[in-house]
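Visitor: Could you walk me through this model and show me how some of its parts fit together?

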Amino acid sequence: KMSLLTAAFTAMLVTAVSGFAIIPALHRMHFGQTIKEIGPTWHAGKNGTPTMGGLTFYLGDVLGVAAGYAVLVLCAPALMGGYFSVQSITLYICILTAFAFGAVGFVDDYIKVVKKRNLGLRARAKIVAQVLITAAFLCALTLNGTLTTYVTLPVLGTVVFGYAFYPISFLLIIGMVNAVNLTDGIDGLSSSVTFVLGFLFVASFLGNTAVALFAAAIAGGCAGFLSWNFYPAKTFMGDTGSMFLGGAVVAAAYGLRRPELLIFFGVVYLAEAGSVMLQVA
């Protein structure tokens with residue numbers, strides 16, 4: 001418990017404090033949100049609000065995980081089993097996956113605010129990058145012995161997918177990451193939805209210390225970001241943040257070996273994505 005509290009509070013504190021440096025820097029570089037003219041007129045007041053504020057919880061989450069891990073090493077080293085145990089490597093994979101998806105979001109935001117192209121990274125390039133990251137993620141989990149090709153569903157029980165698990169996972173992971181991105185919208189709304197307390201609870205219940213530590217740091221980072229995102233928002237997280245959180249959500253689910261939890265804990269993301277598809281249609 002002490003390690004989880006340490007991870008959460010360190011991530012929250014570092015994220016909140018880093019905003020004092022990052023947000024003014026975004027202002028100076030004119031990294032402001034461009035509001036589309038087709039939107040509601042009252043959205044115009046948000047024009048120029050610094051985007052890419054998701055950078056604030058990048059450092060917070062890393063230091064949160066590091067602080068929590070340090071407490072574990074000092075107080076209960078057997079829980080993680082060493083720096084190169086299956087649990088520890090799962091933790092590293094989760095962090096790297098979140099940052100990899102976040103990097104795609106960063107490039108997308110950079111094109112929007114610097115190149116002044118509101119649509120950002122072209123859809124084909126974004127999908128290719130996400131496919132490569134997903135492939136690396138699944139390969140890493142397989143080599144680590146973390147990945148299983150079955151899920152446990154209510155009523156149906158254990159469902160074994162075999163090789164079909166991999167194409168289904170590609171669709172689920174990429175779909176969920178983009179659904180988190182859509183949920184964020186303009187305002188940085190993913191920070192309140194992606195509080196990952198469900199994953200934290202399940203990971204603790206199942207004794208998966210690595211994912212519990214990761215989820216605690218993500219929750220703390222989201223809380224720290226909200227200190228800058230409450231109305232009137234001083235910053236929006238942008239795709240830099242929402243893609244990072246999308247990667248964190250799928251990494252937590254697969255790190256637990258329970259990808260089916262994405263359906264239950266990600267119901268808001270799925271509803272938002274469905275809403276967007278209906279509106280576009």
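**A buried serine and two helix pairs**

Guide: Gladly! This is a predicted model. We can begin with helix 9, residues 238-255, where Ser 242 is found.

Visitor: Is Ser 242 buried or exposed?

Guide: A residue counts as buried when its relative accessible area is under 20%. Ser 242 has a value of 0%, so Ser 242 is buried.

Visitor: Which side chain does the side chain of Ser 242 join in a polar contact?

Guide: Such a contact needs a pair of N or O atoms within 3.5 Å. Here the distance is 2.7 Å, and the partner of Ser 242 is Asn 181.

Visitor: How many charged residues are in the contact of helix 1 with helix 8?

Guide: Let's set the scene: helix 1 (residues 2-28) and helix 8 (residues 209-229) pack at about 35°, with axes 7 Å apart. Residues including Ala 7, Ala 11 and Gly 19 of helix 1 meet a set in helix 8 that includes Ala 216, Gly 220 and Gly 224. By class, this contact has 15 nonpolar and 7 polar residues, and the number of charged ones is none.

Visitor: What is the handedness of the crossing of helix 3 and helix 8?

Guide: Helix 3, residues 86-113, packs against helix 8 at an angle of about 35°, and their axes are 8 Å apart. The crossing of these two helices is right-handed.

Visitor: How many nonpolar residues does the contact of helix 3 with helix 8 have?

Guide: Among the residues making this contact are Leu 91 and Ile 95 of helix 3, along with Val 211 and Phe 214 of helix 8. The contact has 3 polar residues and no charged ones, while its nonpolar residues number 8.

Key
Residues are numbered from 1 along each chain as its sequence is written. This is a predicted model: local features need pLDDT of at least 70, side-chain atom pairs count only at pLDDT 80 or more; totals for chains, interfaces and linings use all residues. Side-chain values use heavy atoms; hydrogens and water are left out. Axes are lines fitted to C-alpha atoms, for helices over the stretch in contact, and angles run from 0 to 180 degrees between N-to-C directions. Helices (H or I, at least four residues) and strands (E, at least two) are DSSP runs, numbered from the N terminus. Contact means heavy atoms within 4.5 Å. Ala, Val, Leu, Ile, Met, Phe, Trp, Tyr, Cys and Pro count as nonpolar, Asp, Glu, Lys and Arg as charged, and the others, Gly among them, as polar. Buried means under 20% relative accessible area, exposed over 50%, partly exposed in between (1.4 Å probe, protein chains only). A polar contact is a pair of N or O atoms within 3.5 Å; within protein, one must be able to donate a hydrogen and the other to accept it, and residues adjacent in sequence count only if both atoms are side-chain atoms. A crossing is left-handed if the near helix is turned anticlockwise from the far one by less than a right angle, and right-handed if clockwise.
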